[in-house]
Amino acid sequence: DNKKLNNKAENIFPILKEKAGQKISVVAMRKNKQRNFSVQLRQATNGAIIGAAFIMKDIPAMSLLSALKNGFLMTFSITKKMLVMLKSLFDKKNIKNVVGPIRILTEATKSASKGLNFLLLLLAIFSLNLAILNLLPIPIFDGGQALLYSIEAIMGRSLSVKVREKIALGCWILLIGLWIIISIKDILHFF
């Protein structure tokens, strides 16, 4: 269909989903030479599978100011994508793309074997994920504490210790239950 991907992984996924099970023509640039391929896409549960991988290019040397600017822009872009993904979890109630500690450890191990750049990028994304999760209005996280303090300010009095304990216990039970479900999903992924 003459669609350019421009070395961006997110550009290929809609095409894979649309063309699942079909044979497609691919034009790739390798060492400044154009190469033509015919590829048979295998059918998968949520689209198609193609045997391709995107490589991480070395980051060129840049000034401190340029590095800070690029770091800020990349952080902003990743944060925006995470928030969209988080919103889709609640909108569509879909945890297909959510991974737990087992898959995170597996991906970290794979990244470490690909080099320091991949591992550092994964750790940065993981840290950003934790920061965003910590800001959610769930009472056992910092965002939830801010919500509880706001409620207390509106009410004009503190919540009783008993109420705070029940809220925390309920949140912990839900969080541990979600962690167990996601861990089981991670384990089943390998079989």
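This is a guided tour of the structure above, stop by stop, with a suggestion at each stop of what to select.

**The whole chain**

Begin with everything displayed, and keep in mind throughout that this is a predicted model. The protein contains 6 helices and 4 strands, and if you follow the sequence from start to end you pass through them in the pattern α-β-β-β-β-α-α-α-α-α. Of the 191 residues in the protein, 18% are buried. Among contacts between residues at least 6 apart in sequence, 44% join residues at least 24 apart.

**A residue in strand S2**

Select residues 33-40, which form strand S2, and then pick out Phe37 within that strand. Is Phe37 buried, partly exposed or exposed? Its relative accessible area is 30%, so Phe37 counts as partly exposed, since that class lies between the 20% and 50% limits. Next, add Val27 to the selection: 10 residues separate Val27 from Phe37 in sequence, and their C-alpha atoms are 6.3 Å apart in space. If you set aside the neighbours within four places in sequence, the residues in contact with Phe37 are Ile24, Ser25, Val26, Ala28 and Arg30.

**The nonpolar core**

Now move to the helices and select Ile78, Met82, Leu86, Leu128, Ile132 and Leu136, the 6 residues that make up the largest nonpolar core. Two elements each give two or more residues to this core, namely helix H2 (64-92) and helix H4 (116-134), and the largest share, 3 residues, comes from H2. In soluble globular proteins, nonpolar side chains tend to be buried together. To look at one member of the core in detail, centre the view on Leu128, which, apart from its neighbours within four places in sequence, is in contact with Thr75, Ile78, Thr79 and Met82.

**Helix H3 against helix H4**

Keep H4 on display and add H3, residues 101-114. Two packed helices are described by the angle between their axes and the distance between the axes. Here the axes of H3 and H4 come within 7 Å and cross at roughly 150 degrees, which means that H3 is roughly antiparallel to H4. To see where they touch, select Ile104, Glu107, Ala108, Ser111, Ala112 and Lys114 in H3, which meet Phe118, Leu119, Leu122 and Phe126 in H4. Coloured by type, the residues of this contact of H3 with H4 divide into 7 nonpolar, 1 polar and 2 charged.

**Helix H5**

Select residues 142-155 for helix H5, which has 14 residues and reaches 20 Å from its first C-alpha to its last, close to the 20 Å expected at 1.5 Å a residue. Four residues of H5 to highlight are Gly143, Gly144, Leu148 and Glu152, which are buried, and what covers the buried residues of H5 includes H4 and H6. Just after H5, click on Gly156, which takes a positive phi of about 80 degrees.

**Helix H6 and its buried residues**

Residues 161-189 form helix H6. This helix has 29 residues and reaches 42 Å from its first C-alpha to its last, close to the 42 Å expected at 1.5 Å a residue. Which residues of H6 are buried? They are Cys171, Ile182, Ser183 and Asp186.

Stop at Cys171, whose relative accessible area of 14% makes it buried. Beyond its neighbours within four places in sequence, Cys171 is in contact with Ile138, Pro139 and Ile140. Cys171 and Ile140 are 31 residues apart in sequence, yet their C-alpha atoms are 6.7 Å apart in space.

Then travel along H6 to Ser183, which counts as buried at 10% relative accessibility. With its neighbours within four places in sequence left aside, Ser183 is in contact with Pro101 and Ile102.

**Helix H3 against helix H6**

For the last stop, bring H3 back into view beside H6, because what covers the buried residues of H6 includes H3. The two helices pack at an angle of about 50 degrees, with their axes 7 Å apart, and this angle makes H3 oblique to H6. In this contact Pro101, Ile102 and Arg103 in H3 meet Trp179, Ser183, Asp186, Ile187 and His189 in H6. The residues involved divide into 4 nonpolar, 2 polar and 2 charged.

Technical notes:
Residues are numbered from 1 along each chain as its sequence is written. This is a predicted model: local features need pLDDT of at least 70, side-chain atom pairs count only at pLDDT 80 or more; totals for chains, interfaces and linings use all residues. Side-chain values use heavy atoms; hydrogens and water are left out. Buried means under 20% relative accessible area, exposed over 50%, partly exposed in between (1.4 Å probe, protein chains only). Contact means heavy atoms within 4.5 Å. The expected span of a helix is 1.5 Å times one less than its number of residues. Axes are lines fitted to C-alpha atoms, for helices over the stretch in contact, and angles run from 0 to 180 degrees between N-to-C directions. Angles under 35 degrees count as roughly parallel, over 145 as roughly antiparallel, 65 to 115 as roughly perpendicular and the rest as oblique. Ala, Val, Leu, Ile, Met, Phe, Trp, Tyr, Cys and Pro count as nonpolar, Asp, Glu, Lys and Arg as charged, and the others, Gly among them, as polar. A nonpolar core is a set of buried Ala, Val, Leu, Ile, Met, Phe, Trp, Tyr and Cys residues joined through side-chain atoms within 4.5 Å.
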